[in-house]
Each structure stands twice: as structure tokens, then as C-alpha cells.
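Subject: Structure for you to look at

Hello,

Here is the structure I said I would pass on. My notes on it follow below.

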Amino acid sequence: MKLYNSATRKKEEFVPNHPDIVKMYTCGPTVYHFAHIGNLRSYIMEDVLEKYLRYIGYNVKRVMNITDVGHLTSDADEGEDKMLKGAKREHKSVMEIAKFYTDAFFSDCKKLNIKTPDVVEPATNCIDEYIKIITKLMDTGYAYFAGGNVYFDTSKLERYYIFNDFNADDLDVGVREGVEEDVNKRNKNDFVLWFTKSKFEDQALKWDSPWGVGYPGWHIECSGICIKHLGDDLDIHCGGIDNAFPHHTNEIAQSESYLGHKWCNYWMHVLHLNTSSGKMSKSKGEFLTVSLLEEKGYDPLAYRLFCLQSHYRKSLVFSWENLDNAQGTYNKLINRIAALKPAGEEIDTDAVAALKSKFTAALDNDLNTSLAVTALYDVLKYSTNDDTKLAVIADFDRVLSLSLIEKADARREELKKQAVSGTNEFTVISESGESNAEIEALLKARADAKKAKNFAEADRIREELKAQGIEVTDIPNGAKWKRI
Ligand code: AMP
Ligand code: ZN
């Protein structure tokens, strides 16, 4: 497999350090708010990478952190702690906020068929790990204590910038316009490893350390958690492109200075999902979430398909129109798979091999997911039996994770029911399984009224049902009801 490596700016053949395991690390969410669908674009594409590595036979160990302390409102060392900000906003404790948004994150991931990494570690669990690393960095002269904080001394490195040929002046993290320069820093790119109470009095979570009571910087978390669970070397480190600088740059600086050798071989960065007005952000307060997509009637997996249709190294513009198109494509795809009829025929192994080779060729080429989706259409068009097609689609879906087989099975069942009841164009489903001719007749009358654009009558019927304690949800070609 070829993978683009941001550290070398080249597509390279992927060769793991150890034959029996691929070590993979992902920067996890900062749990002070819901994840926006931009964050989730990164997690979807990283999920595809992990699943594809497993698909081609690797054993993968994937670790992810949960940032529940230390990430300040600026990615450098300025501003408030994001967690503290979230806690203040919601009049809750930092730990309550962390628990709530961690659960919300995994619930969103589940809806998007994103697998939970093998190890998920909250940053607040590993304080001893950070102290161990910082102590060695102090002992070896890579870190210094100033004004109550411990800083990493970037002047000790032969090479600090890794991912881009940055103009150092453009990236002055300490001296951006409007931000007071941190006079404790010896060099403008130095970053905090450990804050003490001297700087942030209102920090909620604090721990004892050799340098005073305080808390870790954001960057040290990822190095500490990664080294704790994956050891002294790492195959692939992932994150969104905004993480490349300063976060990943600082991770490399401290990890390699601590270990005394090269740390990570491949860096995968996912480009951003933007809106037409620019970058998506949690801190703006108004952002797109999976729940919002659901409220508007979209299947979260249509969003996953939307992401798969473009390459992870290109930025992607979100619009409702684009999502409508993805939802339409997804529905059509499911309908086409539902039209395949399993008949217990023998699997055509030549067809499987030919179809799989297109799929793997696409993903072997730096995870070209849009061509991998095209390979699905090749399966539908291929001249072979339906059992073979369904087997290949199920196989591809181990990586694409679009629930293609489950959704197509459900659609097939729905169509069968419609055929039996002769209500081809309208299905009524009761959530409890109860059948009630009167309610079904009212729902049918409501659908007819809507078809005739008599919306007043349709609303009247909905109200009539509501008065009877019946809640109605529209579904494609039908309605679902339940008693409330
Ligand atoms: P955070 O919760 O802010 O720490 O970010 C979680 C992940 O989402 C990180 O890997 C970020 O790089 C990534 N990310 C942030 N914004 C976007 C975006 N608009 N599109 C894609 N990924 C993003
Ligand atoms: Zn990280």
C-alpha cells in the first residue's frame, strides 16, 4: 500500500516497523463540546485507513487520547483551557463536561460506523507518564523552568519544522498579533510542557509535580499516551491538518528528544471540511453536528458516503445541496443492492478476484476512497450471479462501513411487505407491531391529501392522530406511528 507521508511530502510504500503489528495513533477529540462534522470527517477517513490495513491482513493496534485537560483556546499556550470554558458555559464541573461529551462523541461515531480504537485513554489518566517524560527532558537539558511553567527548548533541536517549509516568522506562536508575548519563553516556538498554578489560577484540575501543583500542556498528552500504549516507536500518526503545526510538530520534538531516536514513520493528515463561509469551528458556538443532520432527516451514513466520495488530502466544502446529493446516491445504491436476489448460487471466484483487484488498487493508492466507491458500482454492473455480487459488496463494506447489506436487507423486506399488502406506493409501520385499521386508513388519507397538495387536510389528520396520542414519523413511501 502507498500512503502519503506529510513528514516527507511523498507517497511512500507503507512498511510497518514490526511484521506482526501496525502501531497507529490518532489525536482524539477535545471533549468540551459536541464534535462537528468536520472533526468527524477526520475520524471517518482514519477509520477507513485502519479498516483497510486490517482488510489487507495487518494486525493493527490503534490508540486514541481524549483531551480532557490542557488544550487552551489557542493551539499555542495562550487563552483559557477549553474544558474550563465548556464547564463555565454549562455550569457544570470539568469532569461532568468531559463525561458528557466523550459519550456524545462515541455515540456520533457509532452512527457513522466509526470503530472505537483498541485503546481510548483520557489525558487525565496519565499524569505520571507526562511527569516521567518531562523529568527526563529537564535532566537532559531539553526543557527549562521559567515563570512557574516548564517549557520545551526548541533551540536544542537540529530541525524543528517537520511538515512544511514554514517561514518561521509567520508561525510565531508566542507573538501573534493581539496576543501578549510570553516573556518566559527563551525562543518564540518554545511550548509549555507543564503549567503551574502561577499562570492559570482558575484551572479546575491540578496535580502535584516536581515543578509545583499544576497541569500538563496539550502536546505532551499525545506523546505520553502514545508511548505508554505503543512503546518507543510508532508506524502511523493521524490527525486533521490543523494538528500538523504546532501540535504534531511539538509531539515530535518532545518524543524524539525523550526517546533519543526517530519516533514515528508515517504522518497522515486529513484536510478540512469547510463551509462556503470558511473553516468549521466548535468555538464559534454554531456548528454542524450529526444530531442536526438527523433532525433534518439525513442518514448519518449518507454523510459518511459524502466523505468517502472525495480524497482525504483535498479540502471538502459542505453544503446542504451536496449532502442532498449524497443522500440521493446512498438511497439509490441501497435500492440497487436490494434488487439483488440471493439464490444460494455458487460464488464466482474469478469475478470476486477481478472486482477485488479494482477495489484494492484504489485504496492501495493513498486511500483513494472515491475510486473504491466506484468499484462498488462495478460490482453491480458485473456479469455474474447475485450471490457473488452480494458477497463482494459485503467484503468491500468491511472497509467502507456503509451498512450496505443490512440496509439493503431491510429495504428488501419493506418491498416484500408492500408487495404482499398491495400498497406498493405507501407503507404503514407501527413501531410496537400493533395493527390498527383505523389509524392505517387515516395515515393513508393523510398521504393522499399530501399528494394532492392539500396540506391543511394533511395537518388536520396529523392533529387528529395526535389528539388520540399517536405520533407519526414520515418514512420513504410511508409513515411510522407509535403511541406516546
Ligand atoms: P479537536 O476536538 O478540536 O481536538 O479536533 C479533533 C480532530 O478534528 C483533530 O484531528 C482536528 O485536526 C480535526 N479537525 C478540526 N477541524 C476540522 C475540520 N474542519 N475538518 C476536518 N477535521 C477537523
Ligand atoms: Zn494529539
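Which residues are linked in a network of salt bridges? They are Glu46, Glu50, Arg54, Arg62, Lys115 and Asp118. A salt bridge here is a side-chain nitrogen of Lys or Arg within 4 Å of a carboxyl oxygen of Asp or Glu.

Before the rest, some ground rules. This is a predicted model, in which local features need pLDDT of at least 70 and side-chain atom pairs count only at pLDDT 80 or more, while totals for chains, interfaces and linings use all residues. Residues are numbered from 1 along each chain as its sequence is written, chains are lettered from A and ligands numbered from 1 in the order in which they are written, and side-chain values use heavy atoms, with hydrogens and water left out.

Salt bridges

The whole structure holds 32 salt bridges. One of them belongs to the network above: Asp118 pairs with Lys115, with the closest N and O atoms 3.7 Å apart. Asp118 is partly exposed at 42% relative accessibility, and Lys115 is partly exposed at 28%. For these labels, buried means under 20% relative accessible area, exposed over 50%, and partly exposed in between, with a 1.4 Å probe and protein chains only.

Asp153 and Arg186 form another salt bridge, at 3.4 Å from N to O. Both residues lie in the loop between strand 7 (149-152) and strand 8 (191-196), and they are 33 residues apart. Asp153 counts as buried, at 2% relative accessibility, whereas Arg186 counts as exposed, at 54%. Helices (H or I, at least four residues) and strands (E, at least two) are DSSP runs, numbered from the N terminus.

A further salt bridge joins Arg412 to Asp409, at 2.9 Å from N to O. This pair sits within helix 13 (residues 404-421), three residues apart, or about one turn of the helix. An α-helix has 3.6 residues a turn, so residues three or four places apart point the same way. Arg412 is buried, with a relative accessible area of 15%, and Asp409 is partly exposed, at 35%.

The zinc site

What coordinates the zinc ion (ligand 2)? The donors are Cys27 (SG), Cys222 (SG) and His247 (NE2), at 2.1 Å. Along the chain these donors follow the spacing C-x194-C-x24-H. Cys222 is in helix 5 (residues 218-230) and His247 is in helix 6 (residues 244-259), so this pair ties together parts that are 25 residues apart in sequence. Cys222 and His247 are both buried. Donors are N, O and S atoms within 2.8 Å of the metal (3.2 Å for Na, K and Ca); water is not among the atoms, so sites may look incomplete.

Nonpolar cores and helix 1

The largest nonpolar core has 85 residues, and those with the most contacts inside it are Leu49, Ile236, Tyr303 and Phe396. Helix 1 (residues 37-55) supplies the largest share of this core, ten residues. A second, separate core has 49 residues, including Tyr151, Tyr160, Ile225 and Ala244. A nonpolar core is a set of buried Ala, Val, Leu, Ile, Met, Phe, Trp, Tyr and Cys residues joined through side-chain atoms within 4.5 Å.

Of the 19 residues of helix 1, 17 are buried, so this helix is largely enclosed by the rest of the structure. Its end C-alpha atoms are 26 Å apart, which agrees with the 27 Å that 19 residues should span at 1.5 Å a residue; the expected span is 1.5 Å times one less than the number of residues. Gly57 follows helix 1 and has a positive phi, near 110°.

Leaving aside residues up to four places away in sequence, Tyr303 touches several residues, among them Ile37, Arg41 and Leu293. Contact means heavy atoms within 4.5 Å. Leu305 is in helix 8 (residues 300-308) and is buried, at 0% relative accessibility. With the same sequence neighbours left out, Leu305 touches Ala326, Thr329, Tyr330, Val373 and Leu402.

Strand pairing

Strand 17 (residues 478-483) pairs with strand 15 (residues 427-430) in the parallel sense over four bridges, and Val428 has Ala479 as its bridge partner. Strand 16 (residues 470-475) pairs with strand 17 in the antiparallel sense over six bridges, with Ile470 opposite Arg483. Two strands pair if DSSP finds at least two bridges between them.

Regards
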